[in-house]
Structure formats: structure tokens, C-alpha cells
Amino acid sequence: MNLRQIDTEKRNVHTLDIDTLSSLEIIRQMNKEDQSVPKAVERVLPVIAEVIDRVVAAFGSGGRLIYVGAGTSGRLGVLDASECPPTYGVPKEQVIGVIAGGEKALQSALEGAEDNIEQAVEDMKQIHVNQKDVVIGIAASGRTPYTLAAMKYAKSVGATVAAITCTKNSEMEKIADYPIVVLTGPEVVAGSTRLKAGTAQKLVLNMITTAAMIRSGKVYSNLMVDVVPTNEKLLMRAKNMIIEIADVSEEEAEQALKTYQSAKAAILALMTGLTGEEVFHVLRRHNGHLRSAIQSQLK
């Protein structure tokens, strides 16, 4: 292993004197470097879109989106996966984040876990990775042994395999069916890939799940109509969406939400006059797409 050949491990020529700067000067330099990240992501949008299409197809056939990584990369995958159920009302098994070292690694650094190839294979077997799934390996360096082993196993069982890396010509890029290579360059502090590389990874993950959920009917206009109202804020958000889309009073929105326990179903009922199980039947017939369900009833 030659770390000097990995883009994210190289020294940044713009920050060689960063240890002599004031706090304000340091963060100005960091902010300047960060501005290059969205541009780096922009250059790989076409392949990100291809991955999204595969994820949408996987969801449609009962497959899952599975992120796998170690350290910061693994934590970002778990974070993105964990936010999908409350935001979009999907089962927690539909988007999964797997991190080297398991749950303990979410709060504590377990750097040795990234070298455990056997555990990577076992972790993939534990969640029964199969040909319906899309598995995305995440690693700034593109060489993490745990992540590589998980990707190789996923390919061996017929899963679609993608990668999010920040280094060109990596092993992960070679293995992946869909390599997303975001070239963010050397970090402000050499090798600290929780910085620009981590930001790039988060941007890409945001795109993948958000676009896949929109394509899967989890959004109406730009509103998260499948939100699960599990606290006061989310309950108010659900009611406000019903009021805005269906153009009803707060009382009508509250009653419909109480009746159907779903903002999407409540909106469909209020806008079309459908009642009872017929509301859910129409939504299922349109694969959960509220817009097409409404249009079908208002013809």
C-alpha cells in the first residue's frame, strides 16, 4: 500500500502554512477549499443518475439500497439510511447502512475494523444481500479492505454494486458496476477525509436517496407526503401539507389525518371524495404516486 498515490492522502499546497494562521484565517482557507466540492460532484452527476435509476428499479422489485463503509464513510451511510424511514415512510429494512465494527463504531473509532475482510463477508451474509439489491461501497481512498470485501461478495451473489470514492483508479472503482469518483483533491489537513471527501460523500448520498424517493412517489410537488408524524413537529408538518395541498381548514386536516393516519391518504381522500379502504386501494394501484392517483380520480 502506497498512501502517497492516493489523492486524498496528498498534501495540499494551499495550506502548507495553516499551522501559523489565526482562527479566522484557518476557517477562511477551509471555506475556500470547501467551495470546490460541489463542482467536483457536478462532474459525476450522470453516473449518480444511473445509480439512482438502479435504486428505483430495486425498490420496485422488492430490493434494497445497502451502504457499506468504515469510519467516517460508514457513519455517513448509516446516517443517510437512518433518516429515510421517518422522512419518507419506508420500512427500515429498505435502506440499510452497514459500518465496519457495527453499532459501537458509530460513536467510537474502531480503526482496526476496516481491515477485517472476514467480518465484511459475514455482515453481508447477515443481511442476506442478493441479486435484487443495490450495494454502494463508500471510501474516500477507494481501498478500504472491509468495504472492498463487502462489494466483492455483493457482486458474487448478483447484486448491483456501486462505489463512492474520492481517488481515481482505485480498487473500488475497478470492482464497481457504477463507480462514482468525486475528485475533491488533497485535504486542508492531509489525510483528514472527514473534510472535503466527507462533504462530497454526504452530497452524493443526499442525491441518491432523495431522488430515489421522489421517483418512487414519496414526494408530491416538493413536499414529503409520506412523512411519519412521530413527534409534534412532524405532526404539524403533516397537517400543514394537508391544509396546503387539499385547501382545507386545520380542523378538516386534523380529522382526515386522524382517520387515515397518513398525510398522503388524507390528501387523496379530501381532494377526490374517496373514503375508507378505497383510498389505499387507489394509492396502491398508482404505486404510491399521489399526483397520478389524484389525476385518475379527477378526470
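Which residue stands opposite Tyr178 in strand 5? Turn the predicted model until you can see the sheet, and you'll find that the partner is Ala162. That pair is a handy way in, so let's work outwards from there.

Strand 4 covers residues 160-165, and its pairing with strand 5 runs in the parallel sense, over four bridges. Now zoom out to the whole sheet. Five strands make up an open sheet, paired in parallel, and their order is 2-1-3-4-5. Read that order from end to end and you meet the edge strands: strand 2 (95-99) and strand 5 (178-181), each of which pairs on one side only. Going from one strand to the next, the twist averages 15°.

Next, look for helix 9, made of residues 196-215. Helix 9 lies across strand 1 (65-69) and also across strands 2, 3, 4 and 5. Compare its direction with that of strand 1, and the angle comes out at about 170°.

Finally, let's pick out a single residue, Thr144. You'll find Thr144 in the loop that sits between strand 3 (134-138) and helix 7 (145-156). Is Thr144 buried or exposed? Its relative accessibility is 7%, so Thr144 counts as buried, because the cut-off for buried is under 20%.

What does Thr144 touch, leaving aside residues up to four places away in sequence? Its contacts are Ala70, Glu114 and Ala139. Take Glu114 as one of these: Thr144 and Glu114 are 30 residues apart in sequence, yet their C-alpha atoms are 6.3 Å apart in space.

Note on methods
Residues numbered from 1 in each chain as written. Predicted model: local features only at pLDDT ≥ 70, side-chain atom pairs only at ≥ 80, totals over all residues. Heavy atoms only, no water. Helix = DSSP H or I, 4+ residues; strand = E, 2+ residues; numbered from the N terminus. Buried < 20%, exposed > 50% of the residue type's maximum accessible area, 1.4 Å probe, protein only. Contact = heavy atoms within 4.5 Å. Pairing = 2+ DSSP bridges. Axes fitted to C-alpha atoms, helices over the stretch in contact; angles between N-to-C directions.
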